Amino acid sequence: MANIKTATLTFRIDPGLKEALRIAADQEHRSIANMVEVLIRDYCEQRGIAIPSSEETKNNHGVRS
């Protein structure tokens, strides 16, 4: 199985939202980072937003649409 490189995402968030995220992550036995990933994946799935593969992202060289 190939190692997949991950990207770093840094952002500011209201302390109350961070605490709610921590509680949700604890309830799901997940890290906060993994909980954010799950929430993003669920959001995209519900709205029909395709998530590009790591290979597709790498081939775009960071170009945004």
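This section describes the helices, the salt bridges and a nonpolar surface patch of a predicted model.

The chain contains three helices and zero strands. Read from the N terminus, its elements follow the order α-α-α. Of its 65 residues, 6% count as buried. The accessible surface of the chain amounts to about 6400 Å², and carbon and sulfur atoms account for 54% of this area.

Helix α1 covers residues 15-27, a run of 13 residues. At 1.5 Å a residue, an expected span of 18 Å follows for this helix, and the C-alpha atoms at its ends are indeed 18 Å apart, so the expected and the modelled values agree. The expected span is obtained by multiplying 1.5 Å by one less than the number of residues. At the start of α1, Asp-14 places a side-chain oxygen within 2.8 Å of the backbone nitrogen of Gly-16. After the helix comes His-29, which has a positive phi, near 55 degrees.

A nonpolar patch on the surface is formed by Leu-9, Phe-11, Ile-13 and Leu-17. Together these residues have about 420 Å² of accessible area. Leu-17 is the member of the patch for which a position in helix α1 can be given. Its relative accessible area is 52%. Leu-17 is therefore classed as exposed, because the class begins over 50%.

Turning to charged side chains, the count of salt bridges comes to three. In general, side chains of opposite charge can pair when their charged atoms come close. Arg-22 takes part in a salt bridge with Glu-19, in which the closest N and O atoms are 2.5 Å apart. Arg-22 and Glu-19 are three residues apart in helix α1, so about one helical turn separates them. Arg-22 also forms a salt bridge with Asp-26, and here the closest N and O atoms lie 2.6 Å apart. Asp-26 and Arg-22 are both in helix α1, with a spacing of four residues, about one turn of the helix.

The residues of these two pairs are partly exposed, a class that lies between 20% and 50% relative accessible area. The relative accessible area is 34% for Arg-22, 36% for Glu-19 and 44% for Asp-26, so each of the three falls in that class.

A further salt bridge joins Arg-41 to Glu-37, with the closest N and O atoms 3.2 Å apart. This pair belongs to helix α2, which covers residues 32-46. Arg-41 and Glu-37 are four residues apart in that helix, so the separation is about one helical turn. Both side chains are partly exposed: the relative accessibility is 43% for Arg-41 and 38% for Glu-37. As for how the salt bridges connect, those that share partners link Glu-19, Arg-22 and Asp-26 into one network. Arg-22 is the shared partner, being paired both with Glu-19 and with Asp-26.

Methods:
Residues numbered from 1 in each chain as written. Predicted model: local features only at pLDDT ≥ 70, side-chain atom pairs only at ≥ 80, totals over all residues. Heavy atoms only, no water. Helix = DSSP H or I, 4+ residues; strand = E, 2+ residues; numbered from the N terminus. Polar contact = N/O pair within 3.5 Å; in protein donor to acceptor, adjacent residues only side chain to side chain. Patch = residues over 30% accessible without salt bridge, like charges linked within 9 Å, V, L, I, M, F, W, Y side chains within 5 Å. Areas by Shrake-Rupley, 256 points an atom, 1.4 Å probe, with all protein chains shown as cover. Salt bridge = Lys/Arg side-chain N within 4 Å of Asp/Glu carboxyl O. Buried < 20%, exposed > 50% of the residue type's maximum accessible area, 1.4 Å probe, protein only.
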